[in-house]
Amino acid sequence: TLEDALNRITNAHRTCDLILGVGDGKSSSFRGIQYSASVANYFTDTDNRPVADWHPRIQDIVYYGMDWLCPGYSKVLARQLQAYHGDITPENTIANITAIAQTGDLHTAIYSLTDNILYVANARRDGASGPEMAYDRSFVRIDMKPVFALNQYELAPLAACVALGTAMATGHILRNSLNGYTLAWTRDSTHPWNNIKSTQNTKLLGLQGEYKHEDVFKPQSSDDLRGRL
């Protein structure tokens, strides 16, 4: 719930300065948050801060233009929000609010909390065509209802895959750390690969098993190496 989110922020070990927003589509409520190591202040549309002519309070809207003190961005954002007040749909937000205020260079996300729809755009990658900034690019519409509808049993395959991958990665690291021939833990063994026998198979899954002595190439002179290099 919204209260759970606010309590978590209040009791968190905060370390940086941010402006956050938390909303609840079921209760149609929203809080703007002034977040720092020393404070966690919550605002609604009736007490939104900072108070300035470039940041007017707007009924049913909590907003910030880029940062806490950005008069230029906040003034343009306030103008567009007031122009479309009562009709701030995702489509209007994309076409007439974020694009005009030019907010969201790298990443722009618009959430319809009531409908559980996410609209997202990213900045142009290197070598791609089209507009550079995220707010000018095409948005992808993602229906989040199927995601939120998943129960714990439907997430079991995903959890199993993550657990298996984590176990395999951990095992690989431990194997290379404890028995690897390319890693030295002490100065007494600065060249651990010298401990590998000529017939030893160092692969994790060695289908051939141990190598036979007759299969090991043993050069007798420099002439024997010319065809091998």
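Student: By class, how many nonpolar, polar and charged residues are in the lining of the largest pocket?

Tutor: Keep in mind that this is a predicted model. The lining of the largest pocket has 17 nonpolar, 20 polar and 6 charged residues.

Student: How do you find a pocket to begin with?

Tutor: The general idea is that you roll a probe the size of a water molecule over the atoms, and that shows where empty space is left. In this predicted model, the largest pocket comes out with a volume of about 1900 Å³.

Student: Which residues should I click on to get to the centre of the largest pocket?

Tutor: Try Phe30, Val62, Tyr63, Ala109 and Tyr111, which lie nearest the centre among the 43 lining residues. Then look at the elements that give two or more residues to this lining: strands E1 (18–24), E2 (29–35) and E4 (107–112), plus helices H2 (71–83) and H3 (90–101).

Student: Which element gives the largest share of that lining?

Tutor: That's E4, with 6 residues.

Student: OK, on to the second largest pocket. What is its volume?

Tutor: The second largest pocket has a volume of about 330 Å³. Its lining has 13 residues, and those nearest the centre are Gly23, Gly25, Leu113, Asn116 and Phe148. At least two lining residues come from each of E1, E4 and strand E5 (117–122). Split by class, the lining has 6 nonpolar, 5 polar and 2 charged residues.

Student: Let's zoom out. How many helices and strands does the protein chain have?

Tutor: You can count 5 helices and 6 strands. Now write α for a helix and β for a strand, and go along the sequence: the pattern is α-β-β-β-α-α-β-β-β-α-α.

Student: And what share of the residues in the chain is buried?

Tutor: Of the 229 residues, 25% are buried. You can look at the outside too: the accessible surface of the chain is about 16600 Å², and carbon and sulfur atoms account for 54% of it.

Student: Can we try one residue? Is His13 buried or exposed, and why?

Tutor: Here you need a cut-off: a residue counts as exposed when its relative accessible area is over 50%. His13 is exposed because its relative accessible area is 74%. You'll find His13 in the loop between helix H1 (2–10) and E1.

Student: What separates His13 and Ser36 in space?

Tutor: Along the chain, His13 and Ser36 are 23 residues apart, and their C-alpha atoms are separated by 9.7 Å.

Student: What about contacts across the whole chain?

Tutor: Take the contacts with a separation of 6 or more: 29% of them are between residues 24 or more positions apart.

Conventions
Residues numbered from 1 in each chain as written. Predicted model: local features only at pLDDT ≥ 70, side-chain atom pairs only at ≥ 80, totals over all residues. Heavy atoms only, no water. 1 Å grid on protein atoms, 1.4 Å probe; cavity = no way out; pocket = protein on both sides within 12 Å on 5 of 7 lines; lining within 4 Å. Points joined across faces, edges and corners; volume = space filled by probe spheres on them. Helix = DSSP H or I, 4+ residues; strand = E, 2+ residues; numbered from the N terminus. Nonpolar A, V, L, I, M, F, W, Y, C, P; charged D, E, K, R; others polar. Buried < 20%, exposed > 50% of the residue type's maximum accessible area, 1.4 Å probe, protein only. Contact = heavy atoms within 4.5 Å. Areas by Shrake-Rupley, 256 points an atom, 1.4 Å probe, with all protein chains shown as cover.
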